[in-house]
Amino acid sequence: MEGQMSDRDLMLAFAADCDERKFVELVRRWDERLLRFLARAAGDAEAAKDLRQDVLVRVYQYAATFDGRSAFSTWLFRIAINRLHTWRRSGQLRQERGFELEASVPGNGSGRVRGPEEAALHDEVETAVRKELALLDANEQELLLLRFQQGLSYREIGEIVNAPETTVKSRVYSTLHRLREPLACHRESMRSLER
């Protein structure tokens with residue numbers, strides 16, 4: 001039955017009856033996505049595992065505060081962002097941040113086999129993109145991760161970061177515009193990878 005319930009309904013039901021199977025189902029659904037987000041945002045795969053654990057403990061502890069007015073994903077990522085900010089303020093942030101650990105996080109492969117030339121081109125483009133993304137500040141990285149890695153809407157992101165949808169959209173477009181010029185030389189390479 002839990003497999004058919006929406007995340008929102010599953011969380012509301014867990015908050016109401018403390019049935020651990022419902023919590024386990026939510027963790028099963030969100031664990032990998034949460035870990036990928038945290039690893040990319042923190043820039044440290046090991047720290048991301050600890051952060052993920054902290055986030056899930058908070059979800060469990062504060063289940064009763066979830067009122068269902070927002071999507072479960074919005075509530076979850078709000079907790080994750082708050083935990084990330086606390087972690088950064090505590091001085092545990094590595095010097096080399098974000099966007100460099102995709103290979104060390106499960107579930108990141110497309111499953112598609114590339115030839116040696118295509119793999120080398122992919123690595124070159126990916127390295128250039130990661131280099132530019134690593135220059136962004138943490139808030140800009142988080143917005144891009146929420147939008148493009150997690151596929152959240154601008155409205156959902158606005159709820160997470162407590163900003164109007166139009167502000168989030170503007171910040172994302174502004175950040176992408178700033179990235180356009182440094183990555184222009186790789187544009188044709190990126191197009192060939194999409195084919």
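Here are legends for a handful of close-up views of this structure, which is a predicted model.

**View 1. How confident the predictor is along the chain.**
Average pLDDT for the chain comes out at 82, and 75% of the residues score at least 70. Helix α3 (residues 45-61) has the highest mean pLDDT of the chain's elements, at 95. At the other end sits helix α9 (residues 187-194), with the lowest mean, 56. Then there is the stretch over residues 94-110, where pLDDT stays under 50. The model still has 45 contacts beyond four places in sequence for residues 94-110.

**View 2. The largest nonpolar core.**
This core has 49 residues. If you want the ones with the most contacts inside the core, pick out M11, F37, L38, V59, F72 and F77. Which helices each supply at least two residues of this core? They are α1 (7-17), α2 (20-42), α3, α4, α5 (116-134), α6 (138-149), α7 (154-161) and α8 (165-180). Of these, α2 gives the most, with eleven residues.

**View 3. Zooming in on F77 and T74.**
F77 is one of the core residues with the most contacts inside the core. Not counting residues up to four places away in sequence, F77 touches W30, L34, F37, L146, Q150, L152 and I160. T74 has its place in helix α4 (residues 72-89). Is T74 buried or exposed? With a relative accessibility of 1%, T74 counts as buried. Setting aside neighbours within four places in sequence, T74 is in contact with E156, E159 and I160. So I160 turns up in the contact list of T74 and in that of F77.

**View 4. α2 packed against α3.**
Two packed helices are described by the angle between their axes and the distance between the axes. Here the axes of α2 and α3 come within 9 Å and cross at roughly 145°. The crossing in which α2 passes α3 is right-handed. On the α2 side, the residues that meet α3 are E20, F23, V27, D31, L34, L35, L38, A39 and A42. Their counterparts in α3 are A45, A48, K49, L51, R52, V55, L56, V59 and Y60.

**View 5. Salt bridges at K22 and E25.**
Side chains of opposite charge can pair when their charged atoms come close. A search of the whole structure turns up 14 salt bridges. One of them joins K22 to D17, with the closest N and O atoms 2.6 Å apart. K22 counts as buried because its relative accessibility is 11%, while D17 counts as partly exposed at 41%. Another salt bridge links E25 and R29, with 2.9 Å between the closest N and O atoms. E25 and R29 both lie in helix α2, four residues apart, or about one turn of the helix. E25, at 11% relative accessibility, counts as buried. Zoom out a little and you get a network of salt bridges linking D7, E25, R28 and R29.

**View 6. The E159 and R155 pair in α7.**
The side chains of E159 and R155 form a salt bridge, 2.6 Å from N to O. Both residues, E159 and R155, lie in helix α7, four residues apart, about one turn of the helix. How does each one count, buried or partly exposed? E159 is partly exposed because its relative accessibility is 27%, and R155 is partly exposed at 44%. E159 is also among the contacts of T74, the buried residue from View 3.

Terms used: Residues numbered from 1 in each chain as written. Predicted model: local features only at pLDDT ≥ 70, side-chain atom pairs only at ≥ 80, totals over all residues. Heavy atoms only, no water. Buried < 20%, exposed > 50% of the residue type's maximum accessible area, 1.4 Å probe, protein only. Contact = heavy atoms within 4.5 Å. pLDDT = per-residue confidence, 0-100. Core = buried A, V, L, I, M, F, W, Y, C linked by side-chain atoms within 4.5 Å. Salt bridge = Lys/Arg side-chain N within 4 Å of Asp/Glu carboxyl O. Axes fitted to C-alpha atoms, helices over the stretch in contact; angles between N-to-C directions. Left-handed = near helix turned anticlockwise from the far one by under 90°.
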